[in-house]
Amino acid sequence: MIDTATFAQLQQDVGEDLAKQLLQVYLTESTQIVNDIADTTKQATISLNAHSLKSSSRSYGALSVGSIAEQIEHKAKAEQFDRELHDLVETLQDQFSLTLKHGNSLISSA
């Protein structure tokens, strides 16, 4: 989910159309990052991808995604590639799916 106050501030700062365009870029790029984090063949890049996702998610108001990404980042940095990390990645995928739907509804709103 996207925090509406954060998105409203972005709209105020850059205008409604640009805010929607920026949110679309975030959603598109983050979809790939989430897929990369979930790819078990890419363990070496999980920490970097999670860090990137954490930062951008918080900027756009996807606070839950940012929080989960931070937990993944810490576990990956500690090389704790265990069941808990796997569960966090699944939680991230579920939460990002909700965020994607909510973000797309914000973009398509008049």
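This report walks through the helices, their packing and a few single residues of a predicted model.

## Ground rules

Residues are numbered from 1 along each chain as its sequence is written, and since the model is predicted, local features need pLDDT of at least 70, side-chain atom pairs count only at pLDDT 80 or more, and totals for chains, interfaces and linings use all residues. Side-chain values use heavy atoms, with hydrogens and water left out.

Helices here are DSSP runs (H or I, at least four residues; strands would be E, at least two), numbered from the N terminus. Buried means under 20% relative accessible area, exposed means over 50%, and partly exposed is in between, with a 1.4 Å probe and protein chains only. Contact, also put below as touching, meeting or packing against, means heavy atoms within 4.5 Å.

## Helix 2 and its neighbours

Let's start with helix 2, which covers residues 16-38. Its 23 residues should span 33 Å at 1.5 Å a residue (the expected span is 1.5 Å times one less than the number of residues), and the end C-alpha atoms are 32 Å apart, which agrees. Buried in this helix are Ala19, Lys20, Leu23, Tyr26, Leu27, Ser30, Ile33, Val34, Asp36 and Ile37. These buried residues pack against helix 1 (4-14), helix 3 (46-60), helix 4 (63-77) and helix 5 (83-108).

Two polar residues in that list deserve a look. Ser30 sits in helix 2 and is buried, at a relative accessible area of 1%. Leaving aside neighbours within four places in sequence, Ser30 is in contact with Leu53, Ser56 and Phe96. Asp36 is also in helix 2 and is buried at 15% relative accessible area; not counting residues up to four places away in sequence, Asp36 touches Lys42 and Asn49.

## How the helices cross

Two packed helices are described by the angle between their axes and the distance between the axes. The axes are lines fitted to C-alpha atoms, for helices over the stretch in contact, and angles run from 0 to 180 degrees between N-to-C directions. Angles under 35 degrees count as roughly parallel, over 145 as roughly antiparallel, 65 to 115 as roughly perpendicular and the rest as oblique. A crossing is left-handed if the near helix is turned anticlockwise from the far one by less than a right angle, and right-handed if clockwise.

Helix 1 and helix 2 pack at about 125°, with axes 7 Å apart. That makes helix 1 oblique to helix 2, and the crossing is right-handed. On the helix 1 side, Phe7, Leu10, Gln11 and Val14 meet Glu16, Leu18, Ala19, Lys20, Leu22 and Leu23 of helix 2. For helix 2 and helix 3, the angle is about 155° and the axes are 10 Å apart. That makes helix 2 roughly antiparallel to helix 3, in a left-handed crossing. Residues of helix 2 in this interface include Leu23, Tyr26, Ser30 and Asp36, and those of helix 3 include Asn49, Leu53 and Ser56.

Helix 3 and helix 4 also pack at about 155°, with axes 8 Å apart. They are therefore roughly antiparallel to each other, and helix 3 passes helix 4 in a left-handed crossing. Among the helix 3 residues involved are Ile46, Ala50 and Leu53, while helix 4 brings residues including Val65, Ile72 and Glu73.

## The nonpolar core

In soluble globular proteins, nonpolar side chains tend to be buried together. A nonpolar core is a set of buried Ala, Val, Leu, Ile, Met, Phe, Trp, Tyr and Cys residues joined through side-chain atoms within 4.5 Å. The largest one here has 26 residues, and those with the most contacts inside it are Leu23, Tyr26, Ile37, Leu53, Ile72 and Leu92. Helix 1, helix 2, helix 3, helix 4 and helix 5 each give two or more residues to this core, with the largest share, 7 residues, from helix 2.

Leu92 touches Val34, Ile37, Leu53, Val65, Ile68 and Ile72, not counting residues up to four places away in sequence.

## Helix 4 and two loops

Helix 4 has 15 residues and reaches 21 Å from its first C-alpha to its last, close to the 21 Å expected at 1.5 Å a residue. Its buried residues are Val65, Gly66, Ile68, Ala69, Ile72, Glu73, Lys75 and Ala76, and they pack against helix 2, helix 3 and helix 5. Just after helix 4 comes Glu79, in the loop between helix 4 and helix 5. Glu79 has a positive phi of about 55° although it is not a glycine, and is exposed at 63% relative accessible area.

Thr45 lies in the loop between helix 2 and helix 3 and is partly exposed, at 33%. Thr45 and Glu73 are 28 residues apart in sequence and 9.9 Å apart in space, C-alpha to C-alpha.
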